[in-house]
Amino acid sequence: MPTLTGEAVVVEGPPGDGSAFVEWVRPHVGAMARLAGRLGVGADRDDIVQEALARAWVKRSQYDGSRGTASAWLLAITADQARKAVKRVRPAGVLEEYDGPGVRPDVEGRIDVGQALGELPARQRLAVDCFYFADLSVADTAAVMGCSEGTVKSTLSDARARLRTLLEVSE
């Protein structure tokens, strides 16, 4: 990729030695943990991040900085590991119905955004999680999702429209 002066820009990938690799991934671990927590419901967030980091170490030679940022590459691996972890989680036993005090009036009007997000299709939920919760740019979200920026914008628009419908409060 040439610069304005015509010089080639060298995109550095992950370092080959352990301590340098740790320093290379350190700025991205927080975003990886947030995404793992959002996508890996029912699974251990730290295990997902650990698996993602191990996978990144093994596949470090495949990183191509011209296709996206280090953050997007690491978050794509994290999203993949979260999907795998959720598939491995066994459903918990059904809880018996709680016959406690009735719903408090101040809670009745609350909107459960988490539940509404859970009702989104997986692709829309991934786009929302990456863009809004992991604070990725549209370009980085596209890299995580493996699609174009226009597709991310369209998916986010569809997700917002669906959430508006799900969260609509009738008076």
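**Figure 1. Surroundings of helix H8 in the predicted model.** Helix H4 (70–88), helix H7 (122–133) and helix H9 (149–166) are among the elements that cover the buried residues of H8. Those buried residues are Val138, Asp140, Thr141, Ala142, Val144 and Met145. Helix H8 (residues 138–145) is largely enclosed by the rest of the structure, because 6 of its 8 residues are buried. Just after H8 comes glycine 146, whose phi is positive, at about 70°.

**Figure 2. The buried and exposed sides of helix H9.** The end C-alpha atoms of H9 are 25 Å apart; at 1.5 Å a residue its 18 residues should span 26 Å, so the two values agree. Val152, Thr155, Leu156, Ala159 and Leu163 are buried in H9. These residues lie on the same side of H9, because they cover an arc of only 100° around the axis. An α-helix has 3.6 residues a turn, so residues three or four places apart point the same way. Lys153, Arg164 and Thr165, on the other side of H9, are exposed. The cover over the buried residues of H9 includes helix H6 (113–118), H7 and H8.

**Figure 3. Confidence along the protein.** The protein has a mean pLDDT of 80, with 78% of its residues at 70 or more. Confidence is highest in helix H3 (residues 45–58), at a mean of 94, and lowest in helix H5 (residues 105–108), at 42. Over residues 103–111 pLDDT stays under 50, and for this stretch the model has 3 contacts beyond four places in sequence.

Notes: Residues are numbered from 1 along each chain as its sequence is written. This is a predicted model: local features need pLDDT of at least 70, side-chain atom pairs count only at pLDDT 80 or more; totals for chains, interfaces and linings use all residues. Side-chain values use heavy atoms; hydrogens and water are left out. pLDDT is the predictor's confidence in each residue, from 0 to 100. Helices (H or I, at least four residues) and strands (E, at least two) are DSSP runs, numbered from the N terminus. Contact means heavy atoms within 4.5 Å. Buried means under 20% relative accessible area, exposed over 50%, partly exposed in between (1.4 Å probe, protein chains only). The expected span of a helix is 1.5 Å times one less than its number of residues. The arc is that of the directions from the helix axis to the C-beta atoms.
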